[in-house]
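This report describes strand pairing, salt bridges and cysteines in a single protein chain. The sequence and the structure are shown first.

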Amino acid sequence: MDITNIIEPEIICLELQADSKQAVFEELVELLDRAGKLSSKSDFLDDIWKREAIGNTGFDDGIAIPHAKSKAVAKPAVAVGISRSGIDYGADGGELSDVFFMLASPDNNDDHHIEVLAQISTKLIEDDFVTKLKAMESVEEALELFLEANSDSFDSYASNYHEVYIEPLSPWAQSLNRLKEHLLYGTSHMIPFVVAGGVLLSLSVMMSGHGAVPESGVLADIAQMGIAGLTLFTAVLGGYIAYSMADKPGLAPGMIGSWVAVNQYNTGFLGAIVVGFFAGFVVNLLKKIKLPDSMISLSSIFIYPLVGTFVTCGAVMWVIGAPIAQVMLEMNQMLTGMAGSGKVVLGSILGAMTAFDMGGP
């Protein structure tokens, strides 16, 4: 989706009056609410602060991008604010923040959230974009600046997106789409480990001249590098599936749970996927528990990762680890038993598994 379609004149303010982080949030949320983008102003403000508790959204050069996926968002939007004096946003280095993009995303559309964040980041690194934005004297000029900056890149996507918004997918289709997005997010972070590990291991074997992993010398060291990458990739897969579902608090439960499943129960690739989704689900449930104000700051870096990891690993060790491993074992035995069967049938099954990227079988 092109962000120029969701930045409107009524949600651009070139003279923010706020003098604190809280006041900035309230002023931008008020803009969104008056423009009819929110169904509940207070709920969206709460969700903005929950996201902020996970990690500060202030960056270098005085830029801040507070954002949240929220059920309180009626229509997706990006509010833009400029502070002429700057405010203490808590950014690294103590630099004052003066350019604000508040992203309001519906809770049922992962594509929108990730896509718009990426586009905002892309615009911010364009030459003189921020300088020009701060120099704008009217809302119309600011809006024109966004329209000029790479506004044609996502036209096709935008038109499709609006069609989806006008005619929403069924709840089942939306859930399936979200699961797919979480899986693809994990896979995209896993691939570099598979590539680096697989190529290094293959090179060591090829250069040794033997059909086995070298046992000594430099080639053995290269082989160990490759094995390390291929050992880590399942943990990365599970971790980033959970990260996609539950943000940073899901990373540790997903990675540690996947490592336990793969290394102690031999659940393979399939186990990492299941554990990643389970970890994300667990952490999201934990986030729904109302915590005392004094514990909120610890929730994302201590409480959620700790409890989430314990529950996820406990489930793997005491409930789901052995059944998943048994499924993988039977799958491999089935393939082994088909070695003498028809080539077309065996090739079709292997092709289907390869298409799903099931590296174990």
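The model discussed here is predicted. In strand S4, Gly81 is the bridge partner of Cys13, and the same Gly81 is paired with Phe100 in S5. Phe100 in turn stands opposite Ala64. These contacts introduce the strands that are treated next.

**Strand pairing**

Strand S5 covers residues 97-106, and 10 of its 10 residues are buried, so S5 is largely enclosed by the rest of the structure. Strand S4, which spans residues 77-87, pairs with S5 in the antiparallel sense over seven bridges. One of the residue pairs between them places Ile87 opposite Ser97. Strand S3 (residues 67-70) is joined to S5 in the parallel sense by four bridges; here Ser70 has Pro106 as its bridge partner. Strand S2 (residues 63-64) also runs parallel to S5, with two bridges between them.

Strand S4 has a further partner, since S1 pairs with S4 in the parallel sense over two bridges. How much of S4 is buried? Nine of its 11 residues are buried, so S4 too is largely enclosed by the rest of the structure.

**Salt bridges**

The structure contains seven salt bridges. Three of them are listed below with the N to O distance of each pair.

| Basic residue | Acidic residue | Distance between N and O |
|---|---|---|
| Arg84 | Glu15 | 3.3 Å |
| Lys21 | Glu52 | 2.9 Å |
| Arg51 | Asp247 | 3.9 Å |

Arg84 forms its salt bridge with Glu15. The pair links distant parts of the chain, with Arg84 in strand S4 and Glu15 in the loop between strand S1 (12-13) and helix H1 (21-34), 69 residues apart. Arg84 counts as partly exposed because its relative accessibility is 41%, which lies between the 20% and 50% limits. Glu15, at 45% relative accessibility, is likewise partly exposed.

The salt bridge between Lys21 and Glu52 has its closest N and O atoms 2.9 Å apart. Lys21 lies in helix H1 and Glu52 in helix H2 (residues 41-54), so this salt bridge ties together parts that are 31 residues apart in sequence. Are these two residues buried or exposed? Lys21 is buried, and Glu52 is buried as well.

Helix H2 also holds Arg51, whose side chain meets that of Asp247 in a salt bridge. Asp247 is located in the loop between helix H8 (217-246) and helix H9 (251-265), so the pair ties together parts that are 196 residues apart in sequence. Arg51 has a relative accessibility of 18% and therefore counts as buried, whereas Asp247 is partly exposed at 23%. Elsewhere, Glu30, Arg34 and Lys41 are joined into one network by salt bridges that share partners.

**Cysteines**

A disulfide is a covalent bond between the sulfur atoms of two cysteines. How many disulfides does a search of the whole structure find? The search returns zero. Cys13, which is paired with Gly81 in S4, is buried at 16% relative accessibility. Cys313 is buried too, with a relative accessible area of 10%. Both values fall under the 20% limit, so each of these cysteines is classed as buried.

How values were computed
Residues numbered from 1 in each chain as written. Predicted model: local features only at pLDDT ≥ 70, side-chain atom pairs only at ≥ 80, totals over all residues. Heavy atoms only, no water. Disulfide = S-S within 2.5 Å. Buried < 20%, exposed > 50% of the residue type's maximum accessible area, 1.4 Å probe, protein only. Pairing = 2+ DSSP bridges. Salt bridge = Lys/Arg side-chain N within 4 Å of Asp/Glu carboxyl O.
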